[in-house]
Amino acid sequence: MAESSPELKAFLVETPFFGGLSDASLDLLIAMLVERRFEAGAVIIAEGEPGRSMYIVHSGALAVSKRGASGRVIDLNRLGPGDFFGEMTLIAVQNRSATLVAEGPVILYELTARNLYTYYKTDIHAYVMVLQNINRELCRRLRQADIRIAELVNTAGGARAS
């Protein structure tokens, strides 16, 4: 499990995932996190594989990619400190939707589905806050994807007048 420290707690409070949690609820969740370290080039998660955990990026950068219908790898995004990923697998109970590769050394904090369920059983109000935080982030990402799609359509000349 993660070593709780004032620095780690201060960092996590500033991330979108942990917003609005009381000190006691935050301490409980921190105790459930497992620190994971990866070197450059490590595949953290692979598109299509089953998943049972999500991650919060403490340090380093990760490249997010997805294989297109033609088989070509498409770079989607970059993640860095404070970002989280893998939450879609926990919510939708589906395989991983993208591949994430460490661009350099990274430190992540892993939260398993089992620990998230324990959190639910222990502190339902904090659990709801965490899900609300995840939902806000998913909505933000969906809006960003909508903008990117609209820009791609406009660039390709595929925009149609209504």
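A residue counts as buried when its relative accessible area is under 20%, and as exposed when that area is over 50%. By that rule, Ser25, Leu26, Leu29, Ile30 and Met32 of helix α2 are buried. Seen down the axis of α2, these residues fall within an arc of 155°, so they line one face of the helix. The model behind these values is predicted.

**The chain as a whole**

The chain holds five helices and eight strands. Along the sequence they follow the pattern α-α-β-β-β-β-β-β-α-β-β-α-α. The C-alpha trace spans about 55 × 40 × 30 Å along its principal axes. Of the 162 residues, 37% are buried. The accessible surface comes to about 9600 Å². Carbon and sulfur atoms own 55% of that surface.

Contacts reach far along the sequence. Take those between residues at least 6 apart: 74% of them join residues at least 24 apart. The chain carries 17 positive and 18 negative charges. The mean positions of the two sets lie 8 Å apart.

**The sheet**

Four strands form an open sheet in the order β1-β8-β3-β6, and the pairing is antiparallel. The edges belong to β1 (34-38) and β6 (84-85). Each edge strand has a single partner, so one of its sides is left without a neighbour in the sheet. Strands of a sheet pair through backbone hydrogen bonds, either parallel or antiparallel.

The pair β1 and β8 can be followed in detail. Strand β8 covers residues 106-112. Five bridges join β8 to β1, in the antiparallel sense. Within this pair, Arg36 stands opposite Leu108 in β8.

**Three helices with a buried side**

Helices α1, α2 and α4 can be set side by side.

| Helix | Buried residues | Arc |
|---|---|---|
| α1 (residues 6-13) | Leu8, Lys9, Phe11 and Leu12 | 160° |
| α2 (23-32) | Ser25, Leu26, Leu29, Ile30 and Met32 | 155° |
| α4 (residues 113-122) | Asn115, Leu116 and Tyr119 | 100° |

Start with α1. Its buried residues are Leu8, Lys9, Phe11 and Leu12. An arc of only 160° around the axis holds them, which puts them on the same side of α1. The face turned away from that side carries the exposed residues Pro6 and Glu7. The buried residues of α1 pack against α2, β3 (53-59) and β8.

Next comes α2. On the side away from its buried face, Asp23 and Ala24 are exposed. The cover over the buried residues of α2 includes α1, β1, β8, α4 and α5.

In α4, the buried residues are Asn115, Leu116 and Tyr119. Their arc is only 100°, which puts them on the same side of α4. Arg114 and Lys121 are exposed on the other side. The packing partners of the buried residues of α4 are α2, α3 (87-92), β8 and α5 (124-155). Strand β8 thus recurs: it packs against buried residues of α1, it is among the cover of α2, and it packs against buried residues of α4.

**Lys9, a lysine on the buried side of α1**

Is Lys9 buried or exposed? Lys9 has a relative accessible area of 19%. The cut-off is under 20%, so Lys9 counts as buried. Lys9 sits in helix α1. Leaving aside neighbours within four places in sequence, Lys9 is in contact with Asp23, Leu26, Asp27 and Ile30. Of these partners, Leu26 and Ile30 are among the buried residues of α2, whereas Asp23 is exposed.

**Two exposed loop residues**

Val93 lies in the loop between α3 and β7 (99-102). Its phi is near 50°, a positive value in a residue other than glycine. Most residues other than glycine have a negative phi. Val93 has 70% relative accessibility, so it counts as exposed.

Pro105 lies in the loop between β7 and β8. Its relative accessible area is 57%, which makes Pro105 exposed as well. Which residues does Pro105 touch, not counting those up to four places away in sequence? They are Phe38, Glu39, Ala40, Ser59 and Gly60. Pro105 and Glu35 are 70 residues apart in sequence. In space, their C-alpha atoms are 13 Å apart.

Conventions: Residues numbered from 1 in each chain as written. Predicted model: local features only at pLDDT ≥ 70, side-chain atom pairs only at ≥ 80, totals over all residues. Heavy atoms only, no water. Pairing = 2+ DSSP bridges. Buried < 20%, exposed > 50% of the residue type's maximum accessible area, 1.4 Å probe, protein only. Arc of directions from axis to C-beta. Contact = heavy atoms within 4.5 Å. Areas by Shrake-Rupley, 256 points an atom, 1.4 Å probe, with all protein chains shown as cover. Lys, Arg positive; Asp, Glu negative; His and termini not counted. Charge placed at Lys NZ, Arg CZ, Asp CG, Glu CD.
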